[in-house]
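User: I am in my first year and would like a close look at the salt bridges of this model, with some care given to where the paired residues sit. Please take me through them in one connected answer.

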2 protein chains.
Amino acid sequence: MTSPVGLHRVVEPDGVLPQAATRLDASPEIVADEVRIRVERLNLDAASFRQLAGKHGGDGDAVRAEVRDIIAARGKMQNPVTGSGGMLIGTVEEVGPESAHGLKPGDRVATLVSLTLTPLAITDGLARWDGRGEQVPCTGHAILFGRSIAAVLPEDLDPELALAVLDVCGAPALTARVVRGYRAPTVAVLGGAGKSGSLSLAAARRAGAGRTIGVVPNEAEAARLAASGLADAVVVADARDPVALARAVGPADVTVVCVDVPGCEHGAILVTADGGTVIFFSMATSFAAAALGAEGLAADVTMLIGNGYVPGHADDALDLIRGEPAVRALFSARLTAH
Amino acid sequence: MTSPVGLHRVVEPDGVLPQAATRLDASPEIVADEVRIRVERLNLDAASFRQLAGKHGGDGDAVRAEVRDIIAARGKMQNPVTGSGGMLIGTVEEVGPESAHGLKPGDRVATLVSLTLTPLAITDGLARWDGRGEQVPCTGHAILFGRSIAAVLPEDLDPELALAVLDVCGAPALTARVVRGYRAPTVAVLGGAGKSGSLSLAAARRAGAGRTIGVVPNEAEAARLAASGLADAVVVADARDPVALARAVGPADVTVVCVDVPGCEHGAILVTADGGTVIFFSMATSFAAAALGAEGLAADVTMLIGNGYVPGHADDALDLIRGEPAVRALFSARLTAH
C-alpha cells in the first residue's frame, strides 16, 4: 500500500515518517501519486555544509566523498550530525496518473520539502562538485510523494533569487494570515532586515497592518531597512534583552520572531499586547522558555510555532518580490554579500 | 521606578526578567502594585525535588539544607540544575494600594506563577520539613508583582485537589478557547487520562466539541478513561508512533498534546486535519521537530505553544472539577496513587 506521506519508501526503521527514517527506498519507479525529478543541483542546508567543511578541514574531496556516501547509504541527503538537509532544483521527468501536484514533464522546479525526507539517488558520483560550497551540481533523480510540494521556477526571476525567496516563503504567508485576523494591527518584526524578516514586513503591510516596526541589531542594518521603506519605524535593539526591547518597541499586536539566535522568547512576549500573537520562525526558539515565559508574565498572548507550509506560500512570496522592489533590493544585496 | 513584572526586584544580572535572574530582592516592603503573602507551604516542582533527592541520596537533612541555601542565596526557589521551581500556598498579609489582584488580607491563596520568579524569604530554617517530600511546610513571606497571579483557594474543595487542578488550569482554558473557534469539531487529546488531559477533554466537550477522543498508552488507563465517560471514544496508541497513531485516530480538528514524553510532534500533526490546530502542552515538545514536521508533511495546521495563562483559567478549572464528577474522580485517584 502506498502513502501520500511516503511511508512505503521507508526502509528502516519501521513505523517512522520519511524524515525520521535512517534509510529510504530511492528507486526510480514511481507509484500513482508520485513525481520523479531529474536532479540538476542540490542546495545543502548552511548548517549541514558548515559541519561537513569543518569536520574535513575544508578538504573538498573528503566533503564530496562523505556527501556521496550519505546519499548512497540513506537514500536521501540528511546530515547525520546536524539532522538537516536542504532543497534541490531539477526538471520533472515523470508524473504519476494520480498526482495532484499540477506539474508536467519538463517543468523546472525547486522542492519545497526538505531533502531530509526526499528519496534521492545520484548517478555521477558528484564529479562536477568541488566540495567547497553549498551548491552541488549533480545528475540523478529524486521523488516527490503525493503530499510533498515543489514550486515551478519562474522564468522572470534570477533562479538564485527565486530559490532564496522560496526557502523562507512560509514566513510572509503565515504573517499575512495572522495580520488579517486583526484590524489594522501594529506589527513588530524582530530581525526585520533579514530574508524572512523583510518579506514578513512587506506581507504584513499588504495584509492590512496599521503600523510596522522593524527591529534590527545594529545601525548598519537599520540604515538598510530604513532606506528600503519597508517599515514605518526602524528600531535598533538587542532582541535577547527583554527590558531594552520592551522600552524600545511599544506594544505590538503581532510580533514576528525572525532572529536566529537563542533567548528572544521573553522579549517577544513582553512587547506583545494582551490578545496579541507571537509567531516564532526562529529555529533557535526554546519551547519551554516561551511557554514558561508567557505564564510567568501572565501574558494573554497566542504563541505560534512557525509552520513553513501555508497553501499558496510560494506563489505569494514570488509575487511579493516582484511587486516590492525594496524587498528585492534587500534580497539581492544579501545574495551578493555571500 | 517599579515594574509590574518585577524588574525592580532583580538584583543580578542587569536587564533580565525575574525568572532569568540569579538573585532577587525579597525584602518584605511592597511597592504600590505588589502583594505580600505569609507563606505556609511550598510545593516543589517534581523534577526539582527528584534532582535534589537523587543528588543527596535521599538524605533529607542535606536536601533541606540545600533548599534553604538556594532560597537564601537567590531570593527565590529555583533549582539551579533543573531551572524549575513550583508554587506556594499562603495567606495574603498586605496589599499595595494600586494592586489589581483583587486580593484582600486574610485570603488563603495559591500562586499561579512559578516560584522561579517569586521573591521569597524563609524565617524558620525549614525546621518543620524532613526534606523527604515535595511539600515543604515553612514560615516566611513571598511577593506578588503587579502582573503575578494567584488564586484564592476555594473552601469547598480539598486544598490538595484544588492545587493539583490549579497546577494545570491553563490547558483546559486554552483548549476551550480553540474549540470555540470551530463548529462542533472533533477533538483528540493525547494523554487523555492524565490531569491536564482529562480536564482538557471535559473543557472541550463543554466548549462545543462535536466528538472527543482520548488517546492513552495502555489498557489500564483506557479502562479508567472509558469508565469516566469523559471521551466519546478511547483509543490505546503510542503517541510517539505517528503511523500507528494516525491509523488509530481519525482526522481531528483540534489535537491537544498532554503527553510528557518526547517525540509526539509528528503524530500529533499527522492526525490533525488541514485547517486544524495542534496545542502542545507537553514541556517535552521540540520546537524544531514540530516546525519541520509540519513543513515536511505540507500540513496546513496551526501549531500553538501551550500558554499556561488564559484570563479566568483558575476559576474555570475549579468550576469544571466541581461540575464534572468524572474529572474529580480521575484526579482524586491520581492523588491517592501518589
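Analyst: A residue is called buried when its relative accessible area is under 20%, exposed when that value is over 50%, and partly exposed in between. With those cut-offs in hand, we can look at the salt bridges of this structure, which is a predicted model. Over all chains, the structure holds 30 salt bridges, and a few of them can be followed residue by residue.

We begin in chain A, where the side chains of A:Asp107 and A:Lys104 meet in a salt bridge, with 3.1 Å from N to O. A:Asp107 has a relative accessible area of 10%, so this residue counts as buried, whereas A:Lys104, at 51% relative accessibility, counts as exposed. As a general point, side chains of opposite charge can pair when their charged atoms come close.

In chain B, the side chains of B:Arg9 and B:Glu34 form a salt bridge with an N to O distance of 2.8 Å. B:Arg9 belongs to the segment before strand S1 (10–12) of chain B, while B:Glu34 belongs to the loop between strand S2 (23–24) and strand S3 (35–44) of that chain, and the pair therefore ties together parts that are 25 residues apart in sequence. B:Arg9 is buried, with 3% relative accessibility, and B:Glu34 is buried too, with a relative accessible area of 0%.

Another salt bridge of chain B joins B:Arg36 to B:Glu93, and here the closest N and O atoms are 2.7 Å apart. Because B:Arg36 lies in strand S3 of chain B and B:Glu93 lies in strand S4 (residues 86–95) of chain B, this pair ties together parts that are 57 residues apart in sequence. As for accessibility, B:Arg36 is buried at 13%, while B:Glu93, at 27%, counts as partly exposed.

Salt bridges can also be followed beyond a single pair, and chain A offers a case of this: A:Arg36, A:Arg38, A:Glu93 and A:Glu94 are linked in a network of salt bridges.

To gather the accessibility values together, the pair of A:Asp107 and A:Lys104 has a buried residue in A:Asp107 and an exposed one in A:Lys104. In the pair of B:Arg9 and B:Glu34, by contrast, B:Arg9 is buried and B:Glu34 is buried as well, and in the pair of B:Arg36 and B:Glu93 a buried B:Arg36 meets a partly exposed B:Glu93.

Key
Residues are numbered from 1 along each chain as its sequence is written. Chains are lettered from A and ligands numbered from 1 in the order in which they are written. This is a predicted model: local features need pLDDT of at least 70, side-chain atom pairs count only at pLDDT 80 or more; totals for chains, interfaces and linings use all residues. Side-chain values use heavy atoms; hydrogens and water are left out. A salt bridge is a side-chain nitrogen of Lys or Arg within 4 Å of a carboxyl oxygen of Asp or Glu. Buried means under 20% relative accessible area, exposed over 50%, partly exposed in between (1.4 Å probe, protein chains only). Helices (H or I, at least four residues) and strands (E, at least two) are DSSP runs, numbered from the N terminus.
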